[in-house]
Amino acid sequence: MATKPTPRVRVPAQVKPGEIFEIKTLISHEMESGQRKDSSGKVVPRKIINKFVAQFNGKTVFEADWNPAISANPYQSFFYKAVESGEFTFTWKDDDGSDYVSKNKLTVAA
Amino acid sequence: MVWNSIETTRREALGLASILGFAALLAPRMSFADEQTVAAEIKKLYGDKKLESGKIKLDVPEIAENGLVVPVNVEVESPMTDADYVKAVHVFADGNPLPGIVSYKFTPACGKASASTRMRLAQTQNIICVAEMSNGNLHMAKANVKVTIGGCGG
């Protein structure tokens, strides 16, 4: 891979208590499916991010298991209901064992 | 056989028509094998449990021009409380080399059982979505996506 995968996350800076809001995430990754063949006819080995985990204050709130059918530069959005201020930890787990992490603060105020 | 030939008898014409009819019958059966794979995947997860319809809003484009990037949004109707929430959602495709697309695990903290991502589709096919509720009930939804350019590379 040419560049290190860079996660991009959009979390609203401030929300009201009880508000349900969308979190949008994107990470640059080629998501090599293991189905393609190179010019010599050899199968290009699979290398994808196989799991995305969202945690809030250390507690897992959402998980997605990705298969090779997920597009390159995978996008994932989901919802979260605001209760208290804290910090999100988003983790992307690569086939090669590496983790890509992004931390985002959330402020809950009336 | 020459189409405009005067020798084209009624019998020949009927024979040709039956061949064409047979081919038309065969076409949907070719994807049938893949439908079986998806059914097998669902069976692996949940056994022979009944799949109810309703509750799932599976949002995919009717026609995808580029099979490499097809948006897919799933929303399951649920109050998302500790007593009643959506535990998991699995998305499958019956015309890809591998049936699985994505599996979500929701918690009541989500507030809303909805998630979007983008997938690759090799050809025109059905998207099948199964949702598991916290009380063990299963729901299923299905949608067809017509793919103009397949997203398998190769």
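Which residue is the bridge partner of Ile63(B) in E9(B)? Lys146(B) is, and View 5 comes back to that pair. One thing before the close-ups: this is a predicted model.

**View 1. Where chain B meets chain A.** Zoom in on the interface and you have 28 residues of chain B in contact with 29 residues of chain A. Put together, the two chains bury about 2300 Å² between them, with 50% of that on carbon and sulfur atoms. On the chain B side, the residues that lose the most area to chain A are Lys105(B), Arg118(B) and Arg120(B), which together make up 27% of what that side buries. As for polar pairs, 18 residue pairs are in polar contact across the interface, both residues of each pair being at pLDDT 80 or more. Two elements of chain B give two or more residues to the side touching chain A: strand E6 (100-106) and strand E7 (113-119). E6(B) gives the most, with seven residues. Sorted by class, that side of chain B has 14 nonpolar, ten polar and four charged residues.

**View 2. Strand E6 of chain A alongside E7(B).** Here the strand pairing crosses from one chain to the other: strand E6 (residues 75-81) of chain A and E7(B) pair in the antiparallel sense, over three bridges. To get your bearings, look for Phe78(A), which stands opposite Ala115(B) in E7(B). Another residue to pick out in strand E7 of chain B is Ser116(B). Is Ser116(B) buried or exposed? At 12% relative accessibility, Ser116(B) counts as buried, because the cut-off for that label is under 20%. Its neighbours come from both chains: leaving aside residues up to four places away in sequence, Ser116(B) touches Tyr75(A), Gln76(A) and Ser77(A), along with Val72(B), Asn73(B) and Tyr104(B). With Asn73(B) there is also a polar contact, side chain to side chain, at 2.6 Å.

**View 3. A salt bridge from Asp65(A) to Lys105(B).** Across the interface of chain B and chain A, the rule finds two salt bridges. One to zoom in on has the side chains of Lys105(B) and Asp65(A) meeting at 3.9 Å, N to O. If you're checking it against the cut-off, a salt bridge needs the nitrogen within 4 Å of the carboxyl oxygen. Asp65(A) lies in strand E5 (residues 59-66) of chain A and Lys105(B) in strand E6 of chain B, so this pair joins two chains. How accessible are the two ends? Asp65(A) is partly exposed, with a relative accessible area of 25%, and Lys105(B) counts as partly exposed too, at 38%. Widen the frame a little and a network of salt bridges appears, linking Lys51(A), Glu63(A), Asp65(A) and Lys105(B).

**View 4. Two salt bridges within chain A, Arg36(A) with Glu32(A) and Arg46(A) with Asp95(A).** Over all chains, a search of the whole structure finds twelve salt bridges. As background, side chains of opposite charge can pair when their charged atoms come close. In one of them, the side chains of Arg36(A) and Glu32(A) meet at 2.7 Å, N to O. Arg36(A) is partly exposed, with a relative accessible area of 36%, whereas Glu32(A) is buried, at 9%. The other pair here is Arg46(A) and Asp95(A), whose side chains meet at 2.9 Å, N to O. Why does this pair tie together parts that are 49 residues apart in sequence? Arg46(A) lies in the loop between strand E3 (20-27) and strand E4 (49-56) of chain A, and Asp95(A) in the loop between strand E7 (86-94) and strand E8 (99-108) of chain A, so the salt bridge spans that separation. Arg46(A) counts as partly exposed at 41% relative accessibility, and Asp95(A) is partly exposed with 30%.

**View 5. E9(B) and its strand partners.** Back to the opening pair. Strand E3 (residues 63-66) of chain B runs parallel to E9(B), joined by three bridges, and this is where Ile63(B) has Lys146(B) as its bridge partner. Strand E1 (residues 51-52) of chain B also pairs with strand E9 (residues 138-149) in the parallel sense, over two bridges. There, Glu52(B) has His139(B) as its bridge partner in E9(B). Strand E8 (residues 125-133) of chain B pairs with E9(B) in the antiparallel sense, over eight bridges, and Gln125(B) has Val145(B) as its bridge partner. E8(B) and E9(B) form a hairpin with four residues between them, and in the turn Gly136(B) has a positive phi of about 95°.

Definitions and conventions. Residues are numbered from 1 along each chain as its sequence is written. Chains are lettered from A and ligands numbered from 1 in the order in which they are written. This is a predicted model: local features need pLDDT of at least 70, side-chain atom pairs count only at pLDDT 80 or more; totals for chains, interfaces and linings use all residues. Side-chain values use heavy atoms; hydrogens and water are left out. Contact means heavy atoms within 4.5 Å. Buried area is the accessible area (1.4 Å probe) that two parts lose on being put together, summed over both. A polar contact is a pair of N or O atoms within 3.5 Å; within protein, one must be able to donate a hydrogen and the other to accept it, and residues adjacent in sequence count only if both atoms are side-chain atoms. Ala, Val, Leu, Ile, Met, Phe, Trp, Tyr, Cys and Pro count as nonpolar, Asp, Glu, Lys and Arg as charged, and the others, Gly among them, as polar. Two strands pair if DSSP finds at least two bridges between them. Buried means under 20% relative accessible area, exposed over 50%, partly exposed in between (1.4 Å probe, protein chains only).
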